[in-house]
Amino acid sequence: MDAFQLVTRGLAKRLGLDPEGIGAEDDLKMLGIDSLDAAELLMELEDKLGIEIEETGQIRTVGDIVAAIDEATN
């Protein structure tokens, strides 16, 4: 499973959505994710992947989370 799938599945679970309906360009706030939800999701992903994601305040979209994961794993 790649980073995008992990993120969309995590978001879908939190929001009760179909992961297939979540795209990389989707804005987290428009999806209903506030800053606390985003922080919890990042911590969950860090634990699952055994990485540390640097929160720069630039995470606004699904793609931003995927990019942060990719950066942390490379």
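Helices in this tour are DSSP runs of H or I with at least four residues, strands are runs of E with at least two, and both are numbered from the N terminus. With that in mind, select Thr8, which is found in helix H1. The model is a predicted one, in which local features need pLDDT of at least 70 and side-chain atom pairs count only at pLDDT 80 or more, while totals for chains, interfaces and linings use all residues. Residues are numbered from 1 along each chain as its sequence is written, and side-chain values use heavy atoms, with hydrogens and water left out.

**The whole chain**

Before zooming in, display the chain as a cartoon: the secondary structure comes to four helices and zero strands, and the pattern read along the sequence is α-α-α-α. The C-alpha trace spans about 30 × 25 × 20 Å along its principal axes. The radius of gyration, taken over C-alpha atoms, can be set against a globule rule of 2.2 Å times the number of residues to the power 0.38. For 74 residues a compact globule would have a radius near 11 Å, and the chain, at 11 Å, agrees with this.

Now switch on a surface. The accessible surface of the chain, obtained by the Shrake-Rupley method with a 1.4 Å probe, comes to about 4800 Å², of which 47% belongs to carbon and sulfur atoms. Of the 74 residues, 32% count as buried, where buried means under 20% relative accessible area, exposed means over 50%, and partly exposed lies in between (1.4 Å probe, protein chains only).

Colour by charge next, counting Lys and Arg as positive and Asp and Glu as negative, with His and the chain ends not counted. The chain has 6 positive and 18 negative side chains, and the centres of the two sets lie 5 Å apart, the place of each charge being taken as NZ of Lys, CZ of Arg, CG of Asp or CD of Glu.

**The nonpolar core**

Select Val7, Leu11, Leu28, Leu45, Ile53, Ile65 and Ile69, which are the residues with the most contacts inside the largest nonpolar core, a set of 20 residues. Helix H1 (3–15), helix H3 (35–49) and helix H4 (62–73) each supply at least two residues of this core. Such a core is a set of buried Ala, Val, Leu, Ile, Met, Phe, Trp, Tyr and Cys residues joined through side-chain atoms within 4.5 Å.

Keep Leu11 selected and show its surroundings, using contact in the sense of heavy atoms within 4.5 Å. Leaving aside neighbours within four places in sequence, Leu11 is in contact with Ile22, Leu28, Leu31, Ile33, Leu41 and Val62. For the chain as a whole, among contacts between residues at least 6 apart in sequence, 50% join residues at least 24 apart.

**Along helix H1**

Return to Thr8, which counts as buried at 5% relative accessibility. Leaving aside neighbours within four places in sequence, Thr8 is in contact with Pro19, Ile22 and Val62.

Move on to Arg9, also in helix H1, which counts as partly exposed at 47% relative accessibility. With neighbours within four places in sequence again left aside, Arg9 is in contact with Met1 and Pro19. A distance drawn between the C-alpha atoms of Arg9 and Ile22, 13 residues apart along the chain, should read 9.0 Å.

Then select Arg14 in helix H1, which is partly exposed with a relative accessible area of 33%. Not counting residues up to four places away in sequence, Arg14 touches Asp37, Glu40, Leu41 and Glu44.

**Helix H3 and the loop after it**

In helix H3, pick Glu46: is this residue buried or exposed? Glu46 is buried, with a relative accessible area of 18%, and, leaving aside neighbours within four places in sequence, Glu46 is in contact with Ile51, Glu52 and Ile53. Met43, which lies in helix H3, is by contrast partly exposed, with a relative accessible area of 46%. The C-alpha atoms of Met43 and Glu71, 28 residues apart along the chain, are separated by 16 Å.

Finish at Thr61, in the loop between H3 and H4, where the residue is buried with a relative accessible area of 19%. Not counting residues up to four places away in sequence, Thr61 touches Ala24, Glu25, Asp26, Asp27 and Leu28; Leu28 is one of the residues with the most contacts inside the largest nonpolar core.
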